[in-house]
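The following exercises concern the assembly shown below. Each task is followed by a solution that proceeds step by step.

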Amino acid sequence: MEEKRISKRTLVASVFIFLLVPVIIFVGVVFFDDRAYYPISMVIAFLSMAPFFMVFEGRKPRSREMVVIAVMIAITVVGRMAFFMVPQFKPTMAIVIISGFSLGPESGFIVGSLASFISNLFFGQGPWTPWQMFAFGLMGFLAGWLKKLNLLERNRIQLCIFGALCAMFLYGIMVDIASVFMMTSSNVTADTVKATFVSGFPLNAVHALATIIFMALLGIPMIKKLERIKIKFGLMEI
Amino acid sequence: MDKRDSFSGYNPLFLIAFFLFTVLVTMIVRHPVLGAASFSGSLFYLIYLKGKKAFSLVFKIILPVMILTMIINPAFSHKGVTALFYVNNNPITLEAILYGLYSAFMLGAVIMWFSAYNEIMTTDKFVYAFGRLLPALSLVFSMALRFIPRFNSHIRTVSNARRSLGEDLEKGSIMKRIRNGITVFSSTVTWALENSVDTADAMTSRGYGTGHRTTYATYRFDKRDGIISAVVLAAAVCVVIFLARDSLYMQFYPSIEFNPITAGSVITAVLFTIICFLPLIIDFQENIKWRYLTSRI
């Protein structure tokens, strides 16, 4: 019975991804003459999050698990607030990666995406929100997934390198592409992409540096804390 | 005159649909009349909602983004037939400048719609709207929102306690301050995680997961919501039908061209303008009604 329910949700989620996304791209190309990159990419970013959310709902998470996730989200937001005066120098990425690492890929995605949604409630919501949500969620997911595959270990240097790569390349490139679409909504050329990457480079570098510093200082202690909570309160299955 | 926002009193589901529609039309359709309607509608509504604070948002965030957009487009896009002058053998075209100008206003309007949305869609409305579709997720969302002020105040308590021990967060070398900050943060994390399990146990013992979850605020979908939804839906369908026939479309490249003005395009423009100004229209109408009623007492 439970199994069936989950598979139904997963089915809905796969339909979302595999059917709706091409249909939206098709509608964009045919009906809008390929001149609506930004709204279409925004809708796709939103839809790509649907499967993750559906899986989370379908699992019927226990209250202890949900509260731990909510705490990690709140800690991420508080961490971003504490450093509000320094642009890009935030512990957000480090905490999202730590959450994904300790709580697993699915919870990592939830922490990343909801943390960026909630912190944008305080810092300003905008057309960039779905992209940020998706990018942060994906980083949390990736951290948990690599841990499961034993490619990422509880090792300070590994975690720092992973965090820096995420901030510099994955997150940086995704958000830069979003701003290309946002600023030059219809005529995306190689030049505009290049210019955005060049102008985004220093910001991404600061972000990567911040992630390394916070990961080095916070990484292992926070993972230990989460492991301890998991053992103490029997949350081992996450 | 009393300033109250009656528009936000409508059903959250209607409000979400309203903002979704205005933002998507603003982003997809390219026509100066519709862009101007969306920009002015969102600007005036934002000013009505936030008063003076709206201006600081406009000047500090929206205007810089708009100026950047205006500069970026002609600098990197050399499409268009009317070259005004050359920079490094690259033509700066009139079309690209106008297109940049248009995109800037479009982006400004979208950001303002988002901040108006942020202003009136309070979190309880959000939880109400998504509580059925995503119950676990919206519960996590509302719990996280509650935790944020709680953690902030705990951080203050801990750092005050450490100040009295001589480990002041605002004194010492940068490395020392960072280390102190991390200590405070770290103890807060431990406290938060330990406490959270109490919250979870309290939830379980009060029967979380055994039945249908209720929300703090309930919004009925009443007659008023039905009427406004039907009116806006009808107008929106008209707008979409006329837009699909492309009766309101401006071409920027290679040269600027408008479609001929038809009855359909006039209707679209009028309807969309009314939709964009709907929040203000409702608020003013309610204000007048309120004034009339109080003056009779």
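A salt bridge is a side-chain nitrogen of Lys or Arg within 4 Å of a carboxyl oxygen of Asp or Glu. The model is predicted: local features need pLDDT of at least 70, side-chain atom pairs count only at pLDDT 80 or more, and totals for chains, interfaces and linings use all residues. Residues are numbered from 1 along each chain as its sequence is written, chains are lettered from A and ligands numbered from 1 in the order in which they are written, and side-chain values use heavy atoms, with hydrogens and water left out.

**Exercise 1.** State how many salt bridges there are between chain B and chain A, and locate one of them.

Step 1. The count between the two chains is three.
Step 2. One salt bridge joins the side chains of Arg228(A) and Glu194(B), at 2.8 Å from N to O.

**Exercise 2.** Determine which helix gives the most residues to the side of chain B that touches chain A.

Step 1. Elements giving two or more residues to this side include H1 (12-28), H6 (135-164) and H7 (174-205) of chain B; helices here are DSSP runs (H or I, at least four residues), numbered from the N terminus.
Step 2. H7(B) gives the most, with 16 residues.

**Exercise 3.** Give the extent of the contact between chain B and chain A.

Step 1. Chain B supplies 57 residues and chain A 59 residues, where contact means heavy atoms within 4.5 Å.
Step 2. The buried area (accessible area, 1.4 Å probe, that two parts lose on being put together, summed over both) is about 5200 Å², and carbon and sulfur atoms give 77% of this area.
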